[in-house]
Amino acid sequence: MTTNLESLGQAIKQAQYRNHRTMDAALREVGVSLVQWDALRAIDRMPSASGHDLAVATFQSDQAFGTLANRLVDRGLISRAAGRGRRIEHALTDSGREALREGHRVATHVLEDLFAPLDEEQRSTLERVLRRLVQEP
């Protein structure tokens, strides 16, 4: 039997959409959206990273990330400072670190529920297969 690749692609998209919707709704309780929390995670993982590097890490255009970063600055969740040349560097504020911590707490419960239908072996297999699928050639 041949796998219907359109159906497979649709199933991946549905799983991602469900994850996004569920996480976004749950993160509202800590006062951030999934996109904002993802930016906080990237800034935490990549201290002093440029806007471009953070845009790539969060699957956004440079312009979209710049707009998001401005909103995060306005909310007091991150700071921006001049780096070398024209580079703008980003850092979490105390409020940003707290939102990140609370987001991790919420995400843990959401992800446990989302992946509950799979046992540990299936989760491991799914992760391995998806990582292989997105590897650069």
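**View 1. Glu102 and Arg105 sit about one turn apart in helix H5.** Both residues belong to helix H5, which covers residues 94-114, and they are three residues apart, or about one turn of the helix. This is a predicted model, and in it the two side chains meet in a salt bridge, with 2.9 Å from N to O. How exposed is Glu102? At 26% relative accessibility, Glu102 counts as partly exposed. Arg105 is partly exposed too, at 38%. The pair also has company: Glu29 joins Glu102 and Arg105 in a network of salt bridges.

**View 2. Arg131 and Glu127 pair up in helix H6.** Here's another salt bridge inside a helix: the side chains of Arg131 and Glu127 meet at 3.0 Å, N to O. Both residues lie in helix H6, four residues apart, which is again about one turn of the helix. Which side of the 50% cut-off does Arg131 fall on? Arg131 has 54% relative accessibility, and exposed means over 50%, so Arg131 counts as exposed. Glu127 has a relative accessible area of 43%, so this residue is partly exposed.

**View 3. Glu89 reaches Arg87.** Look for the salt bridge between Glu89 and Arg87, where the closest N and O atoms are 3.6 Å apart. Is Glu89 buried or exposed, or something in between? Glu89 is partly exposed, with a relative accessible area of 24%. Arg87 is partly exposed as well, at 27%. If you'd like to hunt for others, a search of the whole structure finds eight salt bridges.

**View 4. Nonpolar side chains make a surface patch.** Now for residues of another kind. Leu5, Leu8, Ile12, Leu111, Phe115, Leu126, Leu130, Leu133 and Val134 make a nonpolar surface patch of about 800 Å². Which elements give two or more residues to the patch? They are H1 and helix H6, the latter covering 120-133. Take Leu126 as an example: you'll find this leucine in helix H6. Leu126 has 36% relative accessibility, so it counts as partly exposed.

**View 5. Ala15 lies in helix H1.** To finish, zoom in on Ala15, which is found in helix H1, residues 5-27. With 48% relative accessibility, Ala15 counts as partly exposed, because the exposed class starts only over 50%. How far apart are the C-alpha atoms of Ala15 and Thr3? These two residues are 12 residues apart along the chain, and their C-alpha atoms are separated by 18 Å.

How values were computed
Residues are numbered from 1 along each chain as its sequence is written. This is a predicted model: local features need pLDDT of at least 70, side-chain atom pairs count only at pLDDT 80 or more; totals for chains, interfaces and linings use all residues. Side-chain values use heavy atoms; hydrogens and water are left out. Buried means under 20% relative accessible area, exposed over 50%, partly exposed in between (1.4 Å probe, protein chains only). Patches are made of residues with over 30% relative accessible area and no salt bridge: like charges are joined within 9 Å, nonpolar side chains (Val, Leu, Ile, Met, Phe, Trp, Tyr) within 5 Å. Accessible areas come from the Shrake-Rupley method with a 1.4 Å probe; for residues, only the protein chains shown count as cover. A salt bridge is a side-chain nitrogen of Lys or Arg within 4 Å of a carboxyl oxygen of Asp or Glu.
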